[in-house]
Amino acid sequence: GFTNYTTFSLWDTYRALHPWFNLVHQDINADIANSMLAHFDKSVEKMLPIWSFYGNETWCMIGYHAVSVLADMIVKGVKGFDYERAYEAMKTTALNEHYDCLPDYMRNGYVPFDKEAESVSKTLEYAYDDWTIYRTALLAGDDQLADLYKKRANNYRNVFDTSVGFARPRYSNGEFRKEFDAMQTYGEGFIEGNSWNFSFHVPHDVAGLIRLMGGEKKFVSRLDTLFSMALPRKYYEKNEDIAEVSLVGGYVHGNEPSHHIPYLYAWTSQPWKTQYWLRTVMNRMYKNDIDGLGGNDDCGQMSAWYLFTAMGFYPVCPGTDQYVLGAPYLPYIRMNLPNGHTFEIKAPKVSDRNCYVRQVKLNGKVYDKMYITHADLLAGGTLEFDMAASPNKKRGLAKEAKPYSMSEE
């Protein structure tokens with residue numbers, strides 16, 4: 001009754017590829033949902049796929065991001081699979097007592113560094129995944145479970161050392177690891193990313209992260225530094241995934257945990273900086289050349305990031321119905337939507353020089369929010385960007401204009 005899919009590189013593709021399918025190929029995503037549920041039914045561990053290859057579980061990478069993919073489909077109303085069956089599989093997966101330090105995570109509120117070398121990354125990824133279950137529980141009217149998973153979604157705070165403003169390894173006794181290098185990936189509690197990049201991995205509660213980092217001024221300064229810093233070669237020269245071509249300052253586009261970071265200025269009083277850095281990333285990381293991709297495509301994630309960013313928005317937090325606005329890369333794009341509608345993005349003046357958004361109009365009306373909803377896109381219409389060589393520093397500053405954050409609910 002469905003086309004069976006495999007090769008789920010979910011640590012990569014939950015971020016943009018599956019949200020892309022929710023826009024233009026809902027039929028494929030429905031088949032993928034049914035494939036995941038079939039995998040769950042046949043799994044000895046009763047788990048949704050982590051990294052499925054030719055129908056076999058490889059246990060590659062971290063988190064249980066199938067729950068994000070399913071939650072995003074549910075919140076966006078994708079038809080063709082059983083929501084209740086998906087919800088049960090999501091809950092069962094997140095409670096597995098054999099999977100990757102989950103018992104320690106549930107007991108401590110974080111993965112201890114003395115139990116797991118990638119402890120900080122896993123805590124941050126689990127907390128986001130738990131948030132997607134929280135949101136699904138809310139939609140299901142399951143308030144008791146929603147409360148449990150909202151608490152688990154706040155676990156990102158437990159690995160954040162406010163004295164230094166970074167996420168860092170923490171032992172079972174509650175103490176943070178004293179020796180700590182925020183630029184180093186290996187031996188510091190992370191995988192495919194250092195603390196400079198992974199500390200921003202709280203897509204479900206950016207406002208809460210801003211407070212943890214000491215407020216907006218420090219948060220913006222930290223973002224500015226990330227994009228402009230000179231990362232010493234010793235931190236990437238022996239990394240199989242990263243080369244100098246993959247870097248914008250210390251921002252690593254070639255590894256997926258960083259992909260949402262340029263959009264985080266949207267939560268601050270300087271959203272125009274998102275527009276600047278996105279243009280920089282697009283120009284540096286996507287070139288018509290033999291080594292023109294600033295990383296490997298990871299089963300479509302790098303390509304999906306490009307497609308969203310070229311249109312002018314990105315799903316920073318799959319599981320919400322929001323896409324955070326950046327700036328379009330091309331003067332005209334039309335999406336043919338699965339419901340038969342079309343959505344046009346117009347930016348006739350856009351260029352490398354005119355990379356800043358002066359004004360946005362949705363269907364002819366001035367639009368000041370820093371996000372657009374899934375329903376807005378599926379309804380069809382036109383999103384118009386007035387582009388210029390200098391930023392509009394007054395646009396999108398109101399609290400109601402800001403994208404979702406859990407702690408602001």
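What radius of gyration does the protein have, and what would a compact globule with 409 residues have? I looked up both: the protein has 20 Å, and the globule would be near 22 Å, so the two agree. I note at the outset that the model is predicted.

**Overall**

I read the extent of the C-alpha trace along the principal axes of the protein as about 55 × 55 × 45 Å. For secondary structure I listed 14 helices and 15 strands.

**Helix 2 against helix 13**

I took helix 2, residues 17–24, and helix 13, residues 301–311, as a pair. Their axes lie 8 Å apart, and the packing angle is about 55°. That angle makes helix 2 oblique to helix 13. I noted the crossing of these two helices as left-handed.

I then went through the contact residues. Helix 2 brings Leu 17, Pro 19, Trp 20 and Leu 23, which meet Gln 301, Ala 304, Leu 307, Phe 308 and Met 311 of helix 13. Sorted by class, the contact of helix 2 with helix 13 has eight nonpolar residues, one polar and no charged.

**Helix 2 against helix 3**

I turned to helix 2 and helix 3, whose axes are 6 Å apart at an angle of about 130°. Helix 2 is therefore oblique to helix 3. In this contact I found His 18, Phe 21, Asn 22 and Val 24 on helix 2, meeting Gln 26, Ile 28, Asn 29 and Ile 32 on helix 3. The classes come to four nonpolar, four polar and no charged residues.

**Helix 3 against helix 4**

I followed helix 3, residues 26–42, to helix 4, residues 66–75. The angle between them is about 135°, and the axes are 11 Å apart. The two helices are therefore oblique to each other. Helix 3 crosses helix 4 in the left-handed sense. I listed Asn 29, Ala 30, Ala 33 and Met 36 from helix 3, with Ala 66, Val 69, Leu 70 and Met 73 from helix 4. The residues of the contact of helix 3 with helix 4 are seven nonpolar, one polar and no charged. I marked Asn 29 in my notes, since this residue of helix 3 is listed in the contact with helix 4 and also in the contact with helix 2.

**Three-stranded sheet**

Which strands stand at the edges of the sheet ordered 1-2-3? I first noted that this sheet is open and its pairing antiparallel. Strand 1 (8–9) and strand 3 (56–57) are the edge strands; each has a single partner strand, so one side of each is without a neighbour in the sheet. I checked the pairing of strand 1 with strand 2, residues 51–53, and found two bridges in the antiparallel sense. Ser 9 stands opposite Trp 51 of strand 2.

**Five-stranded sheet**

I traced another open sheet, of five strands in the order 10-11-15-12-13, with mixed pairing. Its edges are strand 10 (332–336) and strand 13 (365–366), each with a single partner strand, so one side of each is left without a neighbour in the sheet.

How many bridges join strand 12 to strand 15? I got six, between strand 12 at residues 356–362 and strand 15 at residues 381–388, and these strands run antiparallel. For one of the bridges I wrote down the partners: Tyr 356 is matched with Ala 388 in strand 15.

Key:
Residues numbered from 1 in each chain as written. Predicted model: local features only at pLDDT ≥ 70, side-chain atom pairs only at ≥ 80, totals over all residues. Heavy atoms only, no water. Axes fitted to C-alpha atoms, helices over the stretch in contact; angles between N-to-C directions. Helix = DSSP H or I, 4+ residues; strand = E, 2+ residues; numbered from the N terminus. Parallel < 35°, antiparallel > 145°, perpendicular 65-115°, else oblique. Left-handed = near helix turned anticlockwise from the far one by under 90°. Contact = heavy atoms within 4.5 Å. Nonpolar A, V, L, I, M, F, W, Y, C, P; charged D, E, K, R; others polar. Pairing = 2+ DSSP bridges. Rg over C-alpha atoms; globule rule 2.2 N^0.38 Å.
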